[in-house]
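Thanks for passing this one along. Here are my notes, point by point, to read with the model open beside you.

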Amino acid sequence: MKFLVALSCVLGLAMGQGYQGDPRTAAIVAEQRYLGGDGRFGATYTQEDGVNFKEESEADGTRRGSYSYVDPNGQRHTISYTAGKHGFMATGDGIPQPLPTTLPVAPQPQYQPQAQYNPPDYRPPQPQPQYNPQPQYQPQPQQYQPQPQYQPQPQYQPQPQQYQPQYRPQPTTYSTTPAPHRFYPPGKLSLNRSPDGFSYSFNKA
């Protein structure tokens, strides 16, 4: 009996710690996915914080989708996009607007041109070459330097070393997968499989 009371208290606290305004704790309240045999697939989901997402792919690989969210001021913004062989194109009120292409013309400076200064002709004096006598070569007497005598060095005799392996087994550690930020509340889950595709749906209870 005490175990049931403790379990009900824990479940009550867990349900009370639902969405508190942090998008990382927003639960997925509805989700659908499908894969067709002709190469088409799609996905859509809705979160409890107001985020909606939808995307479908055609047989040629072109993707069409849209997503919407609620900003901190409570206004909803929706963006639609297309991605395919012509690139990625998006439209919506949540996309920043580009800057204007025409810029204002800068004002022209108002100034009066001044007369240019013309100095008189001036020719600097030409430098005269100076005579630099070359020093005479005087040979230096060479002194005899005796060569050092060769002295043999003692031969190196290596000492035998014993190899001692230093093996230290490392402790085995296992890490678990961290819990995802998004979670699924209690609800109804449906999965239908076919030889060439599947369909999946979830709805919060």
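1. Let's start with the hairpin of strand 7 and strand 8, where 2 residues link the two strands. Strand 7 covers residues 187-194 and runs antiparallel to strand 8, with 8 bridges joining them. Within this pair, Lys188 sits opposite Asn203 of strand 8. Strands here are DSSP runs of E with at least two residues, numbered from the N terminus, and two strands count as paired if DSSP finds at least two bridges between them.

2. A word on what you are looking at: this is a predicted model, in which local features need pLDDT of at least 70 and side-chain atom pairs count only at pLDDT 80 or more, while totals for chains, interfaces and linings use all residues. Residues are numbered from 1 along each chain as its sequence is written, and side-chain values use heavy atoms, leaving out hydrogens and water.

3. How are the strands ordered in the sheet? The sheet is open, has 8 strands in the order 6-5-4-3-2-1-8-7, and pairs in the antiparallel sense. Strand 6 (87-92) and strand 7 are the edge strands, each pairing on one side only. On average, neighbouring strands are turned by 10 degrees against each other, direction ignored; the axes are lines fitted to C-alpha atoms, and angles run from 0 to 180 degrees between N-to-C directions. As a reminder, strands of a sheet pair through backbone hydrogen bonds, either parallel or antiparallel.

4. Strand 8 also pairs with strand 1 (residues 28-35), running antiparallel to it over 6 bridges. Leu35 stands opposite Phe198 there, and these two residues, together with Leu191, make a nonpolar surface patch of about 250 Å². Patch members have over 30% relative accessible area and no salt bridge, with like charges joined within 9 Å and nonpolar side chains (Val, Leu, Ile, Met, Phe, Trp, Tyr) within 5 Å. A salt bridge is a side-chain nitrogen of Lys or Arg within 4 Å of a carboxyl oxygen of Asp or Glu. Areas come from the Shrake-Rupley method with a 1.4 Å probe, and for residues only the protein chains shown count as cover.

5. Is Phe198 buried or exposed? Phe198 is partly exposed, because its relative accessible area is 33% (buried is under 20%, exposed over 50%, partly exposed in between; 1.4 Å probe, protein chains only).

6. Now for the hairpins further along the sheet. Strand 3 (residues 52-57) and strand 4 (residues 63-70) are antiparallel over 6 bridges, with Lys54 opposite Ser66. Their hairpin has 5 residues between the strands, and Gly61 takes a positive phi near 95 degrees. Strand 4 pairs antiparallel with strand 5 (residues 76-84) over 8 bridges, and Ser68 faces Thr78 across that pair. This hairpin also has 5 residues between its strands, with Gly74 in the turn at a positive phi of about 90 degrees.

7. Do look at Gly50, in the loop between strand 2 (41-47) and strand 3. Gly50 counts as buried because its relative accessibility is 14%. Its contacts (heavy atoms within 4.5 Å), not counting residues up to four places away in sequence, are Ser68, Tyr69, Val70 and Arg76. The C-alpha atoms of Gly50 and Tyr69 are 5.9 Å apart, although 19 residues separate them along the chain.

8. Finally, Arg76 lies in strand 5 and is partly exposed, at 39% relative accessible area. Among the residues Arg76 touches are Asn52 and Asp93.

Key:
Helices (H or I, at least four residues) and strands (E, at least two) are DSSP runs, numbered from the N terminus.
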